[in-house]
Structures are given as structure tokens and as C-alpha cells.
Amino acid sequence: MEKKFGVYICTGCGIGETVNIEKLKKKSARVSKIEADNIRVHQILCSPEGLEVIKNDIKEGVNTIIIGACSPRVKFEEFDFPGAIVERVNLREFVAWTQEPMTDDTQSLADDYMMMGIIKTQKGSLPEPNILQDLSNTILVIGGGMAGLSASLEAAKAGYQVVLVEKEAELGGMAAKLYKETPRQYPYDQLEEPRIFNIIKEVESNPNIKVLKSSMIEKTDGQPGLLDVTIRNNGNSETMRVGAVIMAAGWKPYDASKLGHLGYGKPNVITSVQMEEMAKKGKITRPSDGKEAKKVAFIQCAGSRDSNHLPYCSSFCCGTSLKQAKYVREKNEDAIAMIFYKDIRTPGQTELFYKNMQNDAGVLLTKAEVTGVNDAGNDNLYIEAENTLLGEKIKVEADLVVLATGIVPATRASQEYLDGLTEAQKKGDDAKKAYIESTPKPEFILNLTYRQGPELPSLEGAYGFADSNFICFQYETRRTGIYAAGCVRQPMTMSDAAEDAAGAALKAIQCVEHVAKGIAVHPRAWDATFPDPLMIKCTSCKRCTEECPFGAIDEDEKGTPFYRINRCRRCGTCMGACPERIVSFKDFSVDIVGSMIKSIESEEDEFRIIVLACENDAYPAIDSAAIKRQRLNPKARIIPVRCLGSTNLVWVTDAFSKGIDGLMLLGCKYGENYQCHFVKGSELANYRFSKVKETLDKLQLESERCQLVQVAISEYDQIPKMINDFVERVEEIGPNPFKGM
Amino acid sequence: MAEATVIKPDLDFVKGVIEGGGDSLKKCYQCATCTVVCNVTPEDHPFPRKEMVWAQWGLKEKFAGNPDVWLCHQCNDCTAHCPRGAKPGEVLGAIRKQTIKQYSSPSFLANLVSSKGLVWLVFLIPALLLGAILSVDGTFIPNEEEIKFSYFAPTLTIQAVFVPALTFGLLVGVLGLMKFWADMKKAAGVTSGDLGGSISATAKEILSHVKFKSCGVSADRFTSHFLVFYSFVMLGIATALGVLYIDIMHMESPFRFGYGTPVKIFGLIGAIGLLAGVFLMISNRFKNAEKVGIGSYFDWLLITIVGVIMASGILSWVMRVAGIAGVAYTVYFIHLVFVLSLFLYLPYSKLAHMFYRSAAICFLKYSGREKK
Amino acid sequence: MSEQQKTVLVVGGGFSGLTAAVETAEAGFNVVIIEKTPFLGGRVTQLNKYFPKLCPPNCGLEINFKRIKNSGDISFYTLAEVEKISGQEGNYDVTIKQNPRFVNDKCVGCNACNEACPVEMPNEFNFGLDKTKAAYITHNQAFPFKYVLDSKNCKGKSCAKCVEACKYDAINLDMKPEAVNLKVGAIVFATGWDLYDVTKLDLLGGGKIKNVITNMQMERLASPNGPTSGKILRPSDNKEVNNIAFVQCAGSRDENHLPYCSYICCMASLKQATYLREQYPDSKVQIFYIDIRTPGRYEQFYWKVKEDPNVTLTKGKVAKVEEDPATGDVLLTVEDVLLGKKITAKFDMVVLAAGMVPSTRTSKIPTDISYTNDGFVVPASLKKGMFAVGTLKSPVDVSRSVQDATGVAIKSIQSVRRSI
């Protein structure tokens with residue numbers, strides 16, 4: 001496409017009163033090689049009359065449009081010109097609303113912003129989607145329990161082919177073991193018959209669903225749309241292509257043998273899972289002598305909410321024990337069920353179930369810390385507890401004890417194994433070898449052939465739950481196209497798992513639809529650009545393969561990275577990581593940003609600071625400060641980046657060699673409660689820039705000239721100070737000695 | 001650290017409370033709103049939250065010698081504000097009923113009075129008893145023209161039946177009270193105290209009805225209980241004076257027809273007061289029914305007995321004045337049956353609270369717990 | 001399939017509705033959002049931070065607004081309500097009442113109308129903690145970033161000061177309510193929730209005692225875009241708050257008010273405890289509860305807050321709240337259940353952890369739907385092709401709303417596909 005430029009400046013919203021437009025035109029003309037007279041100025045560019053000016057030019061062939069007006073966050077419908085390259089230069093928020101009017105500083109700031117906008121369009125080009133061939137839109141579901149079955153049905157009903165893989169010989173998982181279910185429908189206070197068997201029937205008779213029982217995933221290779229999955233079934237292996245995966249491998253009860261302090265191991269101490277099985281068979285009896293149990297004690301949080309065992313709440317055990325107390329009472333009206341709880345957790349409508357279940361003469365409840373379960377003769381047991389509602393330490397006899405054991409996600413074993421492996425690896429190859437030899441390898445679920453490991457990464461402190469730690473975007477994992485559902489994600493009830501599965505199924509569908517169009521998935525779900533590395537210049541340093549938060553880059557046998565584009569989320573972390581600067585997007589590259597930086601004129605007597613701002617949070621925060629008409633430091637030039645992860649160290653050199661005095665990175669919080677939309681971007685930037693000293697040393701510059709500051713979108717009111725503080729520090733260091741060279 | 005107390009849940013006790021008017025017992029989820037809104041509870045050992053959980057667990061031993069359930073004046077603020085509809089006020093009433101049952105012997109009488117299903121028997125027994133006695137002395141069908149109740153039930157016969165009945169009731173009640181007192185001392189580990197002072201302070205508290213004044217939702221309970229209480233006292237005095245006049249001083253009955261003696265007027269005021277008090281109690285219960293519940297069988301049994309006594313007393317008098325002999329005598333008979341019931345069942349009915357509540361209030365002062 | 005059949009209508013532009021909309025659109029379908037208020041974002045725009053990450057809600061909202069801006073498949077109406085629904089799955093006719101904004105698309109968000117407006121009114125966005133003008137925008141990250149004239153309070157043409165002040169010809173006092181007809185394949189109801197009216201909690205002094213506020217007011221007090229720019233000051237005298245109590249289950253789990261558990265309040269109070277602790281290092285927090293409900297991994301957040309020695313958790317429901325008229329302090333009475341003692345304690349300020357009420361308790365959806373006694377939608381009663389999300393069915397938090405809304409997106413897609 002041959003670019004024909006059109007430059008437009010709006011003088012409304014105070015721009016005209018803050019900046020000398022004639023001077024700005026001249027400056028812009030020089031860069032854009034458009035005659036100053038042909039730069040169009042309008043007093044309200046977003047008005048129908050103003051837009052008409054642009055549209056007329058488009059008719060005349062203008063296809064590359066630079067608009068110096070308000071923030072791109074507003075008037076997006078007005079300034080939407082499909083088919084054209086459009087660059088919005090934020091003269092209103094970054095200049096008119098935040099600067100002293102008509103000063104030299106302000107003028108030069110506006111000049112720089114216009115210039116950078118023009119350069120960006122000169123260097124950039126229109127995106128063209130990269131659509132791979134032979135894509136599959138089949139959804140693979142791993143796990144045939146409530147979540148997996150529900151996900152399969154939802155996807156099939158939406159018109160997609162589904163392959164369901166279940167490890168066991170029968171479908172149903174944990175749900176098939178239940179005698180009754182806690183309520184899932186209005187009036188939310190009655191036990192319900194298990195529905196799993198109807199769902200199994202529905203799945204097995206659905207023509208869109210292929211069910212593979214007694215099957216395991218041996219290998220998952222490729223990328224969304226092109227995932228080649230090898231499934232082992234009865235000793236045979238078969239490879240099939242799928243588009244996306246829903247991982248619903250479920251959970252296991254916590255290993256009760258670790259609960260000796262609660263009496264497990266004694267004949268009449270059982271788990272809640274054993275209780276379900278017993279209730280399903282008939283009477284509630286004592287394992288020791290087969291006699292009907294008359295005094296049944298339920299101990300809640302058996303393992304859960306316990307720093308020695310599971311530091312989380314397993315979410316459904318309170319409901320389960322209330323339900324099982326009802327079993328005890330229904331099967332024998334002379335029996336009592338005693339529930340010892342830390343807190344009764346029946347959130348939402350489940351409260352109505354609690355209310356109904358407790359209203360029974362023989363269901364006895366107390367808050368308690370159970371301190372021991374001891375023999376009381378005749379295989380009966382004494383429950384000892386303190387901090388009870390009864391006002392004292394108590395000891396009560398039971399003839400059967402049920403431990404409400406918590407959940408452990410099916411992903412935990414492999415996660416622990418892999419974490420151990422990583423630790424061993426850090427100690428060297430010998431330690432790694434010793435680890436592999438000495439540690440029994442658990443069954444893996446996905447067996448990905450990815451460079452970054454065979455399973456879904458889980459976060460530190462997530463106890464094996466495959467969770468991405470987003471509140472707003474529940475299904476985001478770090479493996480594009482693989483979505484976790486049910487108890488591998490969070491402890492949840494069966495009804496919640498079914499609901500959760502529906503969401504995961506939708507995300508899987510979006511993924512196959514987006515790769516078919518060659519565009520990204522969340523959070524840049526509209527983006528048709530993609531990283532296009534110039535591979536001949538690659539040195540195989542592998543920084544990109546290591547750093548990509550989504551494991552999108554594998555290595556071939558020779559160790560050369562190669563991109564699995566459909567796994568890519570377009571954050572640009574690889575672009576930031578690459579020391580050879582070979583990774584580019586059509587509208588975002590090391591060169592584009594570098595050129596923008598280099599275009600900034602820095603006279604000897606002027607301080608110039610560059611702020612690389614994350615466009616997701618930091619940029620809107622600056623806009624918000626502007627809306628409040630807070631003053632921004634006129635020495636700072638803000639350049640948006642896709643994610644701080646995309647900042648390349650070469651920009652440091654670009655900036656400082658050009659005489660820029662300081663470089664500030666403004667991005668999302670990282671760490672345990674990270675807010676980075678690409679999970680690791682800002683953290684990686686921080687890591688990279690902690691090593692920037694080397695670069696600066698080479699230039700004989702102070703490392704304090706470069707700083708990363710974490711900011712949340714809500715902290716807009718602190719941004720002016722953050723920038724001022726940084727400018728002050730740099731001013732204290734003194735001007736960049738390269739200035740004017 | 002203190003040794004653990006072995007507790008023994010008793011399902012039958014739980015069922016007993018549930019069936020005895022505490023059917024909402026198991027709804028309690030121990031939020032303790034009740035304790036906070038209660039204006040009569042002590043701060044230190046507050047009720048009724050802990051009583052609710054004890055009762056839920058069927059810990060009947062916790063109620064032996066427990067004065068707290070008797071400190072409750074059934075204001076029902078707890079019930080009105082209970083977020084779960086557990087009606088602690090009603091449950092405590094049911095627990096008190098269990099305690100009354102426990103302390104009053106013989107137990108068959110206690111069971112009789114507390115069982116809703118046996119309500120017919122409750123009144124049939126005194127009716128048969130009285131009927132038999134009146135048949136034996138031959139006055140059952142008076143043949144005089146003038147309507148005079150002493151023709152039907154001669155004073156002597158009445159005294160021969162009612163004095164022993166009242167004595168029996170009081171005796172059983174006092175025996176229960178003594179057992180209860182001993183249990184309270186044992187439970188609290190109290191061995192001595194100022195009994196005389198405690199009794200006089202208790203009397204002051206009861207006579208002033210001071211606790212009732214702190215009721216919230218059913219603040220009008222003060223008026224109704226006050227009226228009923230003092231009317232009863234007045235009627236008791238009037239009756240005693242009657243006995244004094246007739247039997248000891250051998251004077252004419254102060255209640256004789258057509259005369260307005262001071263004793264009679266005094267009694268009449270008491271009667272009107274009682275009628276008004278009972279009427280207020282009933283109307284308050286209906287008025288507050290939505291907030292605090294209508295009350296249990298046990299409550300209504302007592303209200304019914306007192307109510308019928310009053311209604312039948314007045315109606316029989318009206319009939320006598322109107323000269324309708326058949327109705328007058330029949331109603332009078334009913335009147336006597338209910339008075340007899342009141343006396344006989346004194347230690348088994350809700351009226352027994354006069355023993356236990358007084359004892360509990362007294363014990364609090366005696367043990368020194370109240371001062372805290 | 002025709003475009004209208006492929007269209008899903010989402011009623012409610014809160015986080016559930018936005019999620020349902022963008023997720024549906026990104027799966028390749030057209031979506032129309034209608035929102036009753038002048039702005040999208042709903043309740044979460046009023047929150048300072050989310051639990052358990054303590055991250056700002058506008059972060060996720062910004063991304064979702066960006067998804068809307070960049071998607072050609074989503075359109076939205078603000079100040080709009082559903083008036084009538086007829087038809088069936090795949091072919092619903094919906095009549096929408098578009099209420100006037102009195103501000104047109106020419107608005108640039110310059111604030112001149114607000115400065116010119118002489119009418120002050122209680123700021124509903126801040127739950128009445130301060131005042132705003134009748135020409136207003138709720139906060140500086142509001143979307144769409146377009147001012148609105150409050151139809152109830154604006155004096156209209158008799159004043160018209162804003163019209164003079166606006167340089168962009170963006171104010172039109174002649175706007176009238178309009179009917180808009182839409183044809184859609186499926187309908188998602190995501191009309192959200194309201195806070196329980198605490199003035200009904202007579203024991204807790206709600207609405208009567210100045211320094212007894214609701215949990216939502218606490219969010220506004222702590223928000224940088226709130227009435228105190230994020231500084232937690234008590235309403236009676238703007239004094240710093242050094243000693244605060246949280247009253248859990250203020251209305252919830254109470255059959256005299258809301259019989260269900262409102263799910264979010266335990267986590268919300270624990271979160272708000274961190275607001276205060278962060279602002280005032282010497283401050284003390286006491287939380288009075290019946291049960292602490294922090295399901296799943298939220299437990300870790302509970303532990304973290306509990307570890308702070310200045311945070312005390314006491315089991316016992318507060319049932320008496322009184323004002324000390326001399327100081328404005330608040331006295332609470334509670335039974336410390338584990339101690340078995342009735343205690344009264346004094347605080348600078350008290351937060352009522354008020355419960356959640358479905359919007360359908362007061363405003364019913366104009367179609368044949370059954371509701372629970374508490375006004376929640378009974379899901380089984382919804383016609384084919386109609387779905388209810390999040391807090392319309394049961395109290396849930398943001399993450400569960402997102403989960404549910406994403407799930408509903410696939411169901412509406414199925415619905416649309418089914419009817420082709």
C-alpha cells in the first residue's frame with residue numbers, strides 16, 4: 001500500500017488556546033513532508049463538519065491519517081476509518097489539559113507528540129491476519145466428570161465436534177458416587193436425586209460427541225487450531241487433531257491417611273466419600289461390626305483450612321455434611337448426627353439448605369476446634385473439642401466419625417513434581433538426574449510438547465490449581481486454547497462446576513473461531529497483527545522462548561526458536577526480550593518505538609524524560625489525571641506500549657545516545673497479586689531493566705536514570721507526582737552528557 | 001486448661017422441648033442476637049443463646065438447677081428479632097415446662113398437664129371428682145326455688161375439697177422449689193448466702209414488676225401481668241377474708257346476694273382486674289403474634305383456666321341474677337371445676353413459675369451473681 | 001442466518017452484562033447492550049478494589065470497554081429500559097424505552113456544563129455522601145465519557161445555563177423519551193443487584209446514626225474518585241477513623257430481612273479492613289460475624305487479614321447500635337459467643353456489611369418469569385432463549401458473575417444456532 005498522509009489538528013477542548021497551532025503545523029509539516037498549508041486544522045474535528053474534512057481527503061486517496069486531538073480512548077467511533085492507518089495523537093489529555101498554556105515547554109511537547117505520531121505511521125503498516133492452514137475446530141475435553149460432561153454437551157450443542165477423554169472405564173467421575181445431591185434449583189432447600197446419569201446418557205447419545213473411556217492423553221503437540229493429540233486407549237495410541245482443549249480433570253479427596261490426628265485409621269472413622277458410597281448401598285453402619293450407627297459425628301475441614309494440610313477451604317464440605325446428616329436421620333430416626341464446624345459455609349442460596357437441614361431434632365451443630373478423636377471403648381470414639389458454642393471444652397461419644405475431607409485438584413501431583421524438577425534443575429544437571437531417578441513420576445494430564453513444560457502452569461501459592469489469578473477474566477490460562485474447568489480451577493460445588501464448564505466451552509469456541517480468522521484471543525481479541533521475526537538474524541539465544549508468558553515459542557532440534565502463532569497473545573514480550581531486535585508487529589516494533597524516541601529533540605538546556613506507559617492501565621490512568629486537569633511534567637514524553645514486557649533494552653541506548661535524560665517505565669503491578677494483563681509482562685520488564693546497569697555503564701551513565709514504577713489504573717492522582725519525583729531525581733543527577741552530540 | 005466435660009446428647013429431651021412448645025428450637029444458628037436484645041439477661045452469664053444450643057444438643061443436665069431460664073420473663077424481644085425464626089422466648093418456655101415436669105411429682109400428673117393430647121382428661125378428672133362429691137352429698141341437683149350456689153355446693157363441701165387441693169398444689173410446688181434450690185446451689189457451687197435479704201429483695205422485685213418494664217416489643221406485658229398478678233392477690237385476700245368471716249368469725253358471708261360489703265367490693269375489683277388482665281394478655285398475644293408467636297399449649301392452658309374461671313364466675317352470677325337456674329348451676333359447676341384445676345395443677349402448669357422464677361431470682365441475689 | 005437472528009440482547013451493562021456481551025461477540029455474534037443508567041460498568045464502578053487481589057475494578061472494565069470499542073459487533077444504549085418483549089427463541093421483538101440524556105454525541109467531556117449548572121443534588125453514585133450537579137459525569141473513568149443531565153433535578157429550559165456554557169452544541173433540552181424496537185435471537189438478563197435498604201435495620205441504626213455507614217459507602221470513601229478522594233473520614237465530623245467495627249450479616253441470613261447469605265460481605269469487610277489499616281497504621285478493626293465465609297482460595301485472604309494484630313474477629317452478631325451524642329462515636333452491643341459474655345464497645349465509625357438484593361425484587365422483567373420470595377429469578381421459569389446471569393439468580397461475587405456470564409454466552413449462542 002502506498003501511503004498517502006493526511007495530518008489533522010483539532011483546536012477544540014483548549015488545544016488551540018494551549019498550543020500555537022501555526023508553529024505546530026510547521027513542525028508537523030517538516031516531519032511528514034506535507035506542506036503546512038495542507039495540514040488541516042479544525043476547531044471541532046470530531047463534529048460532523050470536522051469529520052467531513054477527513055472523509056473528503058480519504059476520497060482523495062488519503063490512507064494514512066494522523067489526528068492530533070483527544071485521547072484514543074474517546075471519540076473512537078468518530079475517528080474510525082476502516083482500511084486506513086490511523087494514529088491518534090493525544091494533544092488534549094497530554095497537552096491541553098495538563099500543561100501551562102502557550103509556553104515553550106508546552107509547544108515543544110505538542111511538537112514532539114505530533115512528530116512521534118507521524119513517525120509511527122511512517123514506519124508502521126496495516127495489519128494482515130496470519131491464517132494457518134488445516135485448522136480443526138474440534139474441542140477436546142479431558143475428564144468425564146460433571147465439569148467435563150457439561151463442557152462436552154455445551155460445546156456440542158453450540159454446533160462443535162467434541163472428543164471427550166475419560167481416564168476411567170465409566171463416565172461420571174465423583175458425581176456418579178453420590179447418593180443424593182445438594183440442591184441446585186428453587187427452592188434450594190431439598191436434597192435432590194443425582195442428575196449425572198441423565199447427563200451421561202445425553203452425552204453418549206449426542207452425535208457431535210465422541211467418547212473415549214479408559215483413555216489418557218499421551219501427547220499434545222502443536223498450537224490452537226492445530227493441536228495434534230495422541231490418545232492412548234486400551235494399549236492403542238491414536239493421534240487426532242483438535243482446535244482447543246478444555247481441561248476438566250477434576251479432583252481427588254485429600255489423603256485421609258494424613259489425618260491420623262482426627263482418628264483416621266481407626267475402624268469407625270471414615271471419609272465423606274466413603275459415607276456417600278455407604279448411603280448409596282443402604283444403611284449407615286459401622287465398619288467395625290456392621291451395626292447401624294446411631295451417633296454419627298461429622299468433623300468439618302478435615303484437612304481443609306489447615307496450614308499443615310490444605311490452606312484453602314474446599315467450598316462444598318459444609319453442604320455435603322449437612323446432606324449426609326440428613327442421610328443419617330432419614331435412615332434411622334433414632335440416630336443423631338453431630339456436626340463440628342469451624343464456620344458453616346453455605347453461601348448464597350445454599351443458606352436456605354442449611355436452614356432446612358438444621359431444622360431436625362437429631363441434627364446437632366456446634367462451632368468447634370476438634371482437638372482429638374480418641375477411643376471410647378467398643379470401637380466408639382470420643383470427639384474432643386474446644387472453643388465450642390456450649391461454653392466449655394467438651395468430649396462427646398460417637399459410634400461413627402465422618403471426616404469431611406477436602407479436595408485436591410487432579411493437577412496438583414504433576415505440578416508438585418514439575419516444581420521439584422525446576423528446583424533440582426537450578427542446582428545443576430546431576431541434581432536434576434537424581435531427582436528424576438528418585439521421584440516417582442505422577443500421571444500427567446496434558447503432556448504438552450511445549451518448550452515451557454508439559455502441563456498448565458499454576459501460580460505460586462495456588463496449591464496445584466490451574467488458575468490464572470484473574471478476577472475479571474476467569475478463564476485466562478497461560479496456555480492459549482487450553483481452558484481449565486471445574487475443580488482443577490477452584491474448589492467448587494457440582495452445580496458450579498457445570499456452570500464453570502459452560503464458560504470454558506465458550507472460551508474454547510472463541511479460540512477456534514479466532515485462529516480461523518487469524519486474530520488474537522483475549523485480551524487483544526481484535527488484533528490481527530502478529531509477531532513476525534526476521535529469523536535469519538536469530539542467534540538462538542532463546543530469551544524469547546524462555547520469556548514468552550504463554551509458551552508460544554518452541555525450539556526445533558537445532559535449538560532455533562519457532563513461533564506457534566496461534567498460541568501468541570500479542571503482548572510483544574518476545575519483541576522486548578530479543579537482543580537482536582528482530583521481532584516486529586506491523587504497527588509496533590523495536591524500530592517504530594526507537595524511531596519515535598530518537599525523534600525527540602533535546603536541546604542542551606532542556607531536560608527530556610521518556611515515559612514508556614503500558615497502554616492497558618498506565619495510559620488510561622494518565623488520561624484520568626488529565627480529566628481532573630492535573631498538571632503533568634512538561635519534560636516528560638509519554639509513549640504507549642502494548643505491555644511493559646515489550647520494552648526492548650535497545651530503547652535505552654536509543655534514548656540516552658540521543659540525549660534523553662531519563663527513561664521511566666510505567667506499568668502494572670507484578671508479583672503475587674499481579675495486574676499485568678499478560679501475566680508476566682511487567683515483571684519481566686523489571687527483571688530486564690534491573691540488568692540495564694550494564695548498558696548504562698557502557699555509556700558511562702547512572703543507572704538511576706532508568707526506573708520502573710508500578711501503577712494501578714486507580715492511582716491516577718499519584719501519577720503527576722511519580723513523574724515529578726523521577727524528573728527531580730534525574731535533575732539531581734544532572735543532564736545527560738550525550739546531549740547535543 | 002480445664003478438663004473436657006463429657007456431654008451426652010439426649011434426643012428425647014430435644015424432642016420433648018420441640019413437642020412442648022419449642023418446635024422452632026432447631027432453627028437457631030447461634031448468632032446471639034437474642035442475648036443482645038434481651039433486656040433482662042445479666043451481662044456475665046447471658047441468656048438465651050447458650051440455653052438454645054444446650055437444648056439443641058439435648059443436654060438436659062444443663063437445665064437442672066439452672067436459674068437462667070427462669071430469669072426470662074418471656075418479653076419475647078428475642079423472638080421478635082430472631083433472624084431465624086427460632087423463637088428463643090417460646091423455646092425457653094418449653095424448657096421451663098420440662099423443668100417443671102422434672103421437679104414436680106408425681107410425674108403422671110406432670111405428664112398429664114403437659115400433654116396436649118390429654119387436654120380432655122385434664123378437665124375431666126376434676127369434673128368427675130367434684131361431680132362425685134356433690135352427688136354423694138346430695139346437693140348436685142338443688143330443688144330450692146331461690147338460686148343460691150351454696151344449695152348446689154355447700155360452703156363446707158367446697159372447703160373440704162378446695163382447701164386440700166390448694167394445700168396439695170402448694171406442697172408439691174414447694175417441694176419442687178426446694179429440690180430446684182438445692183440443684184442450683186450444687187450447680188453453681190454455692191454453699192451459703194444471705195437468704196433473708198435475698199428473699200426480701202426478691203419480693204420487692206416481684207411486687208414492683210421491675211423486670212417487666214424492660215421488655216421491648218411486648219412492653220404491654222408489664223400491664224397485663226401486673227393486673228393479673230395483683231388481681232390474683234386481691235382475689236386471694238377476698239377469699240381468705242370470706243373464710244375468716246364465715247368459718248372463723250361465724251359471720252354472714254360477705255359475698256351474700258344483694259349486699260355490697262367491702263370484702264365483696266374488694267373481691268369484685270380483683271375480679272374485674274383479673275378479667276381485664278387476662279383479656280389484655282390474650283389480646284397482646286394476638287397483637288404480637290406475628291412478631292413473637294402466639295404461645296404454646298402450655299401457655300394457653302393456663303390462660304384458658306384463668307379465663308374460664310373468670311368468665312364462668314361472672315356468667316354464673318349473671319344467670320343467678322337473671323334467675324335461669326339450669327344455666328346458672330351448670331356454669332357455676334364449670335367455674336368450680338376450673339378453680340379446682342387451677343389449685344390441683346398449680347405445680348404442674350405454667351403457674352408453677354411462681355415457685356421457680358421466684359426461686360431463681362432469689363438465688364441470683366443469694367449467690368451474689370447478680371451484682372456483677 | 002439473518003443479522004437480527006444472530007443478535008443477542010443483553011439487558012444490563014454491569015460487569016455480568018458486559019462479560020456476557022463481549023464474550024458472545026468475540027465468539028462471532030452481534031450483541032446489543034441496554035443499560036438503565038447513563039453509564040456502563042454497573043456496581044463495580046463504585047468499588048475501590050476487588051478482593052482478594054486488591055486490584056482496581058476499572059482495570060478490568062477498561063479492558064472490556066476496549067473490547068467493545070474494538071469490536072464491530074457490539075452496540076449499546078444507555079438510559080434505556082426494556083418495555084415489552086414478545087415472540088420466541090430466535091425471534092424476539094423487544095421494545096426499549098430510550099430515556100433522554102439531554103446531551104448528544106457532540107459532547108467532548110470538557111466539564112463546562114457541570115461548572116455552569118446551578119442545581120446541586122445528592123450524589124447517588126457516592127450513596128449520598130456528597131453532592132453533585134444536575135449536569136454530571138459519575139467519575140473520570142466513566143464510559144461512555146459523555147455528560148448527562150439528571151432529568152429529575154435539571155430545571156430545563158427555565159435555566160439552560162449549561163446550553164450557554166457548552167461550546168460544542170452538545171446539550172439538547174428538547175430530547176424526549178423514545179421507543180426503540182429490536183429484533184433479537186436471544187436475551188440475557190443481567191440487571192444486577194441493589195444494596196439492602198439499611199434503614200430497615202432498626203436495631204443497627206442504619207440511616208439514623210451518622211457514623212454508621214454501609215459497606216458500599218465505605219467503598220466510596222476509600223475510592224480515589226470518591227467524595228473524600230480516597231481518604232477514610234467519618235461523615236459526622238470528617239475525623240480520621242482510627243477504630244472501626246464491621247457488622248456482618250446486616251440484613252443477610254435474617255428471615256426478617258434477607259433469608260439468604262449475600263456471599264460477598266465477609267470478603268468485602270476483610271478487604272475494607274485492609275483499606276483502613278493501610279491508611280492509618282495505628283488503627284484498629286473489629287469484625288463481628290456469625291460465620292466467616294471465605295470459600296475456596298479466599299481462605300488465604302482471610303488468613304492474611306487475620307494475621308494483622310490490629311484486626312480482631314469476634315463471633316457474635318451485633319444487635320444493638322447506639323450513638324454517643326456528645327462525640328458522635330458509636331456503641332455496639334454483642335455477645336462474644338466464644339466467651340459467653342455480653343459486651344459493649346465504642347467505635348469511631350461502624351460499617352454495616354449490608355446484603356445484596358436482586359434488582360428484580362423491585363423492578364420485574366416485563367415477561368412471564370417466576371421469582372423466589374426474595375425476588376430472584378427462578379431459572380427454570382425462563383422461556384427458551386432467555387437467560388439470567390449472576391446476582392439475578394443468587395448472590396455471587398464478581399468472579400462468579402464472570403464465570404456465569406461466560407457460561408450464559410455459550411447458552412445464548414446455542415439458542416441462536418438452534419433457531420436458524
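Two strands pair if DSSP finds at least two bridges between them. In this predicted model, that rule places strand 3 of chain A beside two partners.

**Strand 3 and its neighbours**

Gly68(A) of strand 3 has Val89(A), in strand 4 of chain A, as its bridge partner. Strand 4 covers residues 85-90 and runs parallel to strand 3, joined to it by six bridges. Strand 1 (residues 5-10) of chain A also pairs with strand 3 in the parallel sense, over five bridges. Here Val7(A) is matched with Ile66(A).

How enclosed is strand 3 of chain A? Six of its six residues (64-69) are buried, so the strand is largely enclosed by the rest of the structure. In a regular strand the side chains alternate between the two faces of the sheet. Both faces of strand 3 of chain A are covered. Thr64(A), Ile66(A) and Gly68(A) are buried on one side. Ile65(A), Ile67(A) and Ala69(A) are buried on the other.

**Helix 2 against helix 5**

Two packed helices are described by the angle between their axes and the distance between the axes. For helix 2 (residues 21-32) and helix 5 of chain A, the axes come within 9 Å and cross at roughly 30°. Angles under 35 degrees count as roughly parallel, and the two helices are therefore roughly parallel to each other. Their crossing is right-handed. By class, the contact has seven nonpolar, four polar and three charged residues. Helix 2 of chain A contributes Lys23(A), Leu24(A), Lys27(A), Ser28(A), Val31(A) and Ser32(A). Among the helix 5 residues they meet are Met114(A), Met115(A), Ile118(A) and Ile119(A).

Ile119(A) sits in helix 5 (residues 104-123) of chain A. Is Ile119(A) buried or exposed? Its relative accessible area is 11%, and buried means under 20%, so Ile119(A) is buried. Ile119(A) touches Val31(A), Ser595(A), Met596(A) and Ser599(A), leaving aside residues up to four places away in sequence. Val31(A) is 88 residues from Ile119(A) along the chain, yet their C-alpha atoms are separated by 7.7 Å.

**A five-strand open sheet**

Five strands of chain A form an open sheet in the order 7-6-5-11-22, with parallel pairing. Strand 7 and strand 22 stand at the edges, each with a single partner strand, so one side of each is left without a neighbour in the sheet. The twist averages 20° from one strand to the next. Strand 5 (residues 139-142) and strand 6 (residues 162-165) of chain A pair in the parallel sense over four bridges. Within that pair, Ile139(A) stands opposite Val162(A).

Two helices contact this sheet, as tabulated here.

| Helix (chain A) | Strands contacted (chain A) | Angle to a strand (chain A) |
|---|---|---|
| Helix 6 (residues 146-157) | Strand 5, strand 6, strand 7, strand 11 | about 170° with strand 6 |
| Helix 13 (residues 494-517) | Strand 5, strand 11, strand 22 | about 170° to strand 22 |

**Helix 18**

Helix 18 (residues 650-657) of chain A is mostly covered. Six of its eight residues are buried. They are Val650(A), Trp651(A), Val652(A), Asp654(A), Ala655(A) and Phe656(A). Just after helix 18 of chain A comes Gly659(A), which takes a positive phi of about 95°.

Key
Residues numbered from 1 in each chain as written. Chains lettered and ligands numbered in written order. Predicted model: local features only at pLDDT ≥ 70, side-chain atom pairs only at ≥ 80, totals over all residues. Heavy atoms only, no water. Buried < 20%, exposed > 50% of the residue type's maximum accessible area, 1.4 Å probe, protein only. Contact = heavy atoms within 4.5 Å. Axes fitted to C-alpha atoms, helices over the stretch in contact; angles between N-to-C directions. Parallel < 35°, antiparallel > 145°, perpendicular 65-115°, else oblique. Left-handed = near helix turned anticlockwise from the far one by under 90°. Nonpolar A, V, L, I, M, F, W, Y, C, P; charged D, E, K, R; others polar.
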